[in-house]
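New to this one? Have a look at the model below, and then we'll walk through it together.

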Amino acid sequence: MKKNTTTGDVYILAIESSCDETASAVVKNGRQILSNVISSQIDLHTLYGGVVPEIASRKHIEKINPVIETALSDAGMTLDQMTAIAVTYGPGLVGALLVGVAEAKAIAYAAGKPLVGVHHIEGHISANFIEHPELEPPFVCLVASGGHSHLVVVKDYGEFEILGRTRDDAAGEAFDKVARAVGLGYPGGPKIDKAAKEGNKKAIHFPRAKVEGSEYDFSFSGLKSAVLNYLNHAQMTGEEVNVADLAASFQYAVVDVLVTHTIAAAKERGYDKVAIAGGVASNSELRSEMKRACRKAGLTFYYPSPVYCTDNAAMIGTAAYYEYINGTRSGWDLNAVPYLKLGER
Ligand code: KG4
Ligand code: ZN
């Protein structure tokens, strides 16, 4: 990690459009959020029970200019005052990513500013820096979102070692699929979280999947099938399903595995700090169980506010700051990379 050799303050205008949120933020010196504008398409996609990529791209095109203008005006700044323009270029939906990438390139070129392409997951992890000025790498981070479940060692800013990942569904995807199956709708995570508060998490025992020979990997498709089998069985026998109990028991099964793996990784690898990131990190059960387990294991636990867990551009601006002071610059040929791997450029 190089030290910041830039003179004066660094202002990043960040853009995020990898899935169903059009977002822009102005971030000062990496950790000070001057504005954070998010235009969500959730209501639109709820009609279809999930994100429709073509609709997402069209909506990004419609929203991106006003969202960026609002981010600048909320910060009380002009484009001229920005040090660099940052944008998520992967992973994500290709059409959605392209809108942000094309916009960022156009703005950076026209304003004569450097361009910094950011990895979406690096952004999620960096969300932890926003509200914890004392947090510095190294630490272990669990990243659980709609598209990803990774257990990562953050060795330094922008330097990662992936310890484990999901073999099938991402944690958030499992929440979304189970919610749809029980009729709670989209997006499933917050709906299950809410329903579970009224239920008993020990009411139904669902399996905790272990991945043979790989203690840090995850697998959620078996759990999803167990829930579907439970629902089918109830339907066939005419039993009434207690949705709150089912939501609480399913959520507990996911959280149990996420917490156990994360704590084991921190202890076995000798790290004393644990962080969580991604949409699922806003789950109330995950937050409280991880807090409890960290306290018991003598680990310091960090987690972002819910608004910085789900997709936003502030986290992209924070990640971009560390990339920028480390010398990362993207060319005018920057493209969307839908399956970009963490740590790859
Ligand atoms: O990070 P994110 O906004 O987008 C991706 O990069 O995927 O994560 C969205 C995912 C969705 O699957 C959503 O259901 C899940 O995060 N999620 C939650 C909660 N809030 C959002 N899952 C569990 N509990 C929540 N409270
Ligand atoms: Zn995300």
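Let's begin with the metal. Going along the sequence, the donor residues of the zinc ion (ligand 2) follow the spacing H-x3-H-x186-D. Keep in mind that this is a predicted model. The residues behind that pattern are His120 and His124, each using its NE2 atom, and Asp311, using OD, and they coordinate the zinc ion at 2.0 to 2.1 Å. The two histidines both sit in helix α4, four residues apart, or about one turn of the helix.

What geometry does the site of the zinc ion have? It's tetrahedral, with angles of 95 to 133 degrees among its four donor atoms. For reference, the ideal angle for four tetrahedral donors is 109.5 degrees.

Now for the other ligand. There are 20 residues around ligand 1, and those that come nearest are Gly146, Asp176, Gly189, Asp193 and Asn283. Sorted by class, that shell has 13 polar, four nonpolar and three charged residues.

Where does the shell come from? Helices α4 (120-130), α5 (171-181) and α6 (188-196) each chip in at least two residues, and α6 gives the largest share, with four. Zooming out, ligand 1 lies between domain 1 (11-126 + 309-325) and domain 2 (137-304), because both domains give residues to its shell.

Some backbone atoms also come up close to ligand 1. Here they are, with the distance from a backbone N or O atom to an oxygen atom of the ligand:

| Residue | Distance to an oxygen atom of ligand 1 |
|---|---|
| Gly189 | 3.0 Å |
| Gly279 | 3.0 Å |
| Asp311 | 3.1 Å |

Taken alone, ligand 1 would expose 550 Å², and the protein buries 89% of that. Notice that Asp311 turns up twice in this story: its OD atom coordinates the zinc ion, and its backbone has a polar atom 3.1 Å from an oxygen of ligand 1.

Finally, a few backbone oddities to look for in the loops. The peptide bond between Gly90 and Pro91 is cis, with omega at about -10 degrees, and Pro91 is found in the loop between β4 (84-90) and α3 (94-111). Another cis bond runs from Tyr186 to Pro187, where omega is near -5 degrees; Pro187 belongs to the loop between α5 and α6.

Which sign does phi of Asn29 have? It's positive, near 50 degrees, in a residue other than glycine. You'll find Asn29 in the loop that links β2 (21-28) and β3 (32-40).

How values were computed
Residues are numbered from 1 along each chain as its sequence is written. Chains are lettered from A and ligands numbered from 1 in the order in which they are written. This is a predicted model: local features need pLDDT of at least 70, side-chain atom pairs count only at pLDDT 80 or more; totals for chains, interfaces and linings use all residues. Side-chain values use heavy atoms; hydrogens and water are left out. A residue is near a molecule or strand if one of its heavy atoms lies within 4 Å of it. A polar contact is a pair of N or O atoms within 3.5 Å; within protein, one must be able to donate a hydrogen and the other to accept it, and residues adjacent in sequence count only if both atoms are side-chain atoms. Accessible areas come from the Shrake-Rupley method with a 1.4 Å probe; for residues, only the protein chains shown count as cover. Ala, Val, Leu, Ile, Met, Phe, Trp, Tyr, Cys and Pro count as nonpolar, Asp, Glu, Lys and Arg as charged, and the others, Gly among them, as polar. Domain bounds come from an automatic or database domain assignment. Donors are N, O and S atoms within 2.8 Å of the metal (3.2 Å for Na, K and Ca); water is not among the atoms, so sites may look incomplete. Four donors count as tetrahedral if all angles lie between 85 and 135 degrees; four count as square planar and six as octahedral if opposite donors are over 155 degrees apart and all others between 65 and 115; anything else is irregular.
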